[in-house]
Amino acid sequence: MAKDITSSEIISYTGCIIIGLVGVYFSYQMMTHDMLVGLVPFATSTLLVVFAGLSFRSKHIANPENAIQDGDAPRSLWKAPIIMVALVTFLFLIDILGFMLDTAVLILVVLTTSGVRKFSTIAITLVAVLAIAFLFQQMLGIELPRGLI
Amino acid sequence: MLWDIAHALFDISLNVKLIGLIALGAGLGIFGGAMPGLSAPGALAISLPFTYSMNALEGVSFLASMYTGAQYGGSITATLLNTPGAPESAVMTLDGFELTRRGLARKALQGAIWAGFVGGLIGIIFLVLLLNTAAQEAARFGPVQYTALAVLGFTAMSSVAMGSHIKALAAAMLGLLFSLVGLDPISATPRFTFGSPDLYGGLPLVPALIGLFAVSEALILAERGLFMSSSEAQKPVRFGWKDFLEHSRSMGVGSAVGLIIGVLPGGGASIASWLAYSLSRFVSKEPENYGKGAIDGLLAPEAADKSMVGASLIPLLALGVPSTASAGVILGGFELHNIVPGPDLLTTHSDLVFAIIAALLIANFSVACLGFALIYPLLRVRAVQPAVLGVFVLVLSLIGAYADNGIKFSMVLAISMGIFGYFLRRANVPIAPIILGMLLGPIFDQNLRRALIASGGSLAPFVEDPFSLTLLTLAAVLALFVMLTPMYKRMKLRRMKSPA
């Protein structure tokens, strides 16, 4: 029996199909210049579209209640997207705030979004993560964007 | 030769500094291998400059013990956090993490130590026995054989996929496509670079690996917030002698695969661990349990990983050809001390070779002892709130990604891959085939093209060469096994349902 499709599956398979179609288009252009350069990319992209398309086969779109009954729905629909937005914002702000300050903001957003409300837990986690991040950075000898601050 | 190694072993046991360095190397290796984003070659590369101040024996022994430790370390995070420390540990997430979910992390980690110890010993024995002859045979490998090896790797990967083989194949194609980004190494034609200079060098593996495994795991951990399933409370179940004997077959299979793949230049640890998993499942009496917490699914790849250490030193010491990235860093260690590994090494520096083998033996014992000592503190990692653990994983992953080449693009890639990886995992699309696709992609693409150019477009060399034919036949058998097993199960089910 076909199971209900979840939003994650729609996003994943559609993403794979889009990547595959972009691959087919560009690798076909490569093949017109040099057959061997585009051969493996073309075959791979085509197979990606086929396999991602086939993954839709055993699924059908239905209402969210059925999906929850099937156990397909994630526990919290809003937490992960907020953290994803925080991660993208982290990338944009890293050159302005510096790695450590930007990371501190990211940690606060992730912890509070996850439901951690206890001040001591937040403070200890914040200090510990930043300290380990600093030590790790020193160990690797890397220059982080704008250094410490 | 055995007498020489025993003599070297005795000498080393009297050298406190060297014993200390080997133990330190093993400990740092376990730490480096366990760190998401800091793979075994990465950890070795970071430590390479520290060997300047050591002599050749100390430096190479230190690196070799780190290599041994890192091979075990990768399986710790794969088992406990579903985040492999290294690409070759990806397969261990399938059953290792499932065991942790069922509260059997202690048994899984103890089993992994035993499997690694047995695999490591077998690898060293193999190194001693075949150092002179086997590497010379492996050096005859050409593009045809490498292409066949990559085909076998892809088939093995699809055969180990749980649930949907279609999803695994889609993931593998995605990984293969990612590996083709950048300047084509044969004709320097840009492929899928979209005019971005950041992409000319290709998609860097380490940030991609960190993103797909670690960042996506951090997102899932953060999403779970304060929730900690009661089933994750770890039970005091140990891996005893009875278990050891019961699962010795999977350790033997894994060790054998590690020996064969380890000696092949460029074979790669990932292929060995996937093949070991696949073959172990093939010979298992209960293949349906694989992916659902079968301890054999953890022991076979672990034994393969560790037996590879000894086996990979055969082409390195006898021919100067590293078969894995970690062996390549050890080659750098030799060069730092103006020693060129190759056929002459056994005559000019035979003492050094025997001492390195003896050091490897001690490193194997050190890793096992340290592994057992670290189990209790490691199990505490699971007791941390998922959200807090997610924050640690996230921040260390971001630094690890940035450390790869020191550009912001690596962080961008890790986060993008992490977000995509999150949705893939939510859709039950396996992540490991993507990584294997990225590792096998360049081997497959370049060698296929070289083979086709050499043969004038003919595929005949692939069936004319006996080794290539053997590998391709094995791939075909595995593919048939994958296709026929569900059909056989359906037929069996139909027969059971149909009235007599």
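Does B:Phe194 count as buried or exposed, and how many C-beta neighbours does B:Phe194 have inside 10 Å? I shall begin with that residue and then turn to the rest of the structure. Please keep in mind throughout that this is a predicted model.

B:Phe194 counts as exposed, with 9 C-beta neighbours inside 10 Å; the cut-off for that class is 12 or fewer. B:Phe194 is placed in the loop between β2 and α10 of chain B. Its backbone deserves a remark as well: phi is positive, about 50°, although B:Phe194 is not a glycine. Most residues other than glycine have a negative phi.

The loop between β2 (190-191) and α10 of chain B also holds B:Phe192. Here too phi is positive in a residue other than glycine, with a value near 55°. The surroundings of B:Phe192 are another matter. B:Phe192 has 21 other C-beta atoms within 10 Å and is therefore buried, the threshold being 20 or more.

Let me now step back to the two chains as wholes. Chain A has 149 residues, of which 30% count as buried. Its secondary structure consists of six helices and two strands. Read from the N terminus, the order of elements is β-α-α-β-α-α-α-α. Of the contacts in chain A with a separation of 6 or more, 63% are between residues 24 or more positions apart.

Chain B has 500 residues, and 60% of them count as buried. Its secondary structure is made up of 22 helices and two strands. Among the contacts of chain B between residues at least 6 apart in sequence, 80% join residues at least 24 apart.

How do the chains meet? The contact involves 54 residues of chain A and 49 residues of chain B. On the chain B side, five helices each supply at least two residues: α9 (165-179), α10 (205-224), α18 (386-405), α19 (408-426) and α20 (432-455). Which of the helices gives the most to this side of chain B? That is α18(B), with eleven residues. Sorted by class, the side of chain B that touches chain A has 35 nonpolar, six polar and eight charged residues.

Two of the helices just named, α10(B) and α20(B), also pack against each other. Their axes come within 10 Å and cross at roughly 170°. Angles over 145 degrees count as roughly antiparallel, and α10(B) and α20(B) are therefore roughly antiparallel to each other. From α10(B), the residues that take part are B:Leu205, B:Ala208, B:Leu209 and B:Leu212, and they meet B:Ile434, B:Ile435 and B:Met438 of α20(B). This contact has seven nonpolar residues, with no polar and no charged ones.

A second helix pair in chain B is that of α6 (residues 105-130) and α12 (residues 248-263), whose axes are 9 Å apart and pack at an angle of about 45°. That angle makes α6(B) oblique to α12(B). The crossing of α6(B) past α12(B) is right-handed. On α6(B), the contact is made by B:Ala115, B:Val118, B:Gly119, B:Ile122, B:Gly123 and B:Phe126, and on α12(B) by B:Met251, B:Gly254, B:Ser255, B:Gly258, B:Leu259 and B:Gly262. The residues of this contact comprise six nonpolar, six polar and no charged.

I turn next to helix α2 of chain B, residues 16-34. Why does its length agree with expectation? At 1.5 Å a residue, its 19 residues should span 27 Å, and the end C-alpha atoms are indeed 27 Å apart. Several residues of α2(B) are buried, including B:Leu18, B:Leu21, B:Ile22, B:Gly25, B:Ala26, B:Leu28, B:Gly29 and B:Ile30.

My last residue is B:Gly297, in helix α14 (residues 296-319) of chain B. B:Gly297 has 29 other C-beta atoms within 10 Å, so this glycine is buried. Leaving aside neighbours within four places in sequence, which residues are in contact with B:Gly297? They are B:Leu94, B:Asp95, B:Tyr277, B:Ser280, B:Arg281, B:Tyr290 and B:Gly291. As for B:Ser284, it is 13 residues from B:Gly297 in sequence, and their C-alpha atoms are 9.8 Å apart in space.

To return to the opening question: B:Phe194 is exposed, whereas B:Phe192 in the loop between β2 and α10 is buried. Thank you for your attention.

Conventions:
Residues are numbered from 1 along each chain as its sequence is written. Chains are lettered from A and ligands numbered from 1 in the order in which they are written. This is a predicted model: local features need pLDDT of at least 70, side-chain atom pairs count only at pLDDT 80 or more; totals for chains, interfaces and linings use all residues. Helices (H or I, at least four residues) and strands (E, at least two) are DSSP runs, numbered from the N terminus. Two residues are in contact if their C-beta atoms, placed from the backbone, lie within 7 Å. Ala, Val, Leu, Ile, Met, Phe, Trp, Tyr, Cys and Pro count as nonpolar, Asp, Glu, Lys and Arg as charged, and the others, Gly among them, as polar. Axes are lines fitted to C-alpha atoms, for helices over the stretch in contact, and angles run from 0 to 180 degrees between N-to-C directions. Angles under 35 degrees count as roughly parallel, over 145 as roughly antiparallel, 65 to 115 as roughly perpendicular and the rest as oblique. A crossing is left-handed if the near helix is turned anticlockwise from the far one by less than a right angle, and right-handed if clockwise. The expected span of a helix is 1.5 Å times one less than its number of residues.
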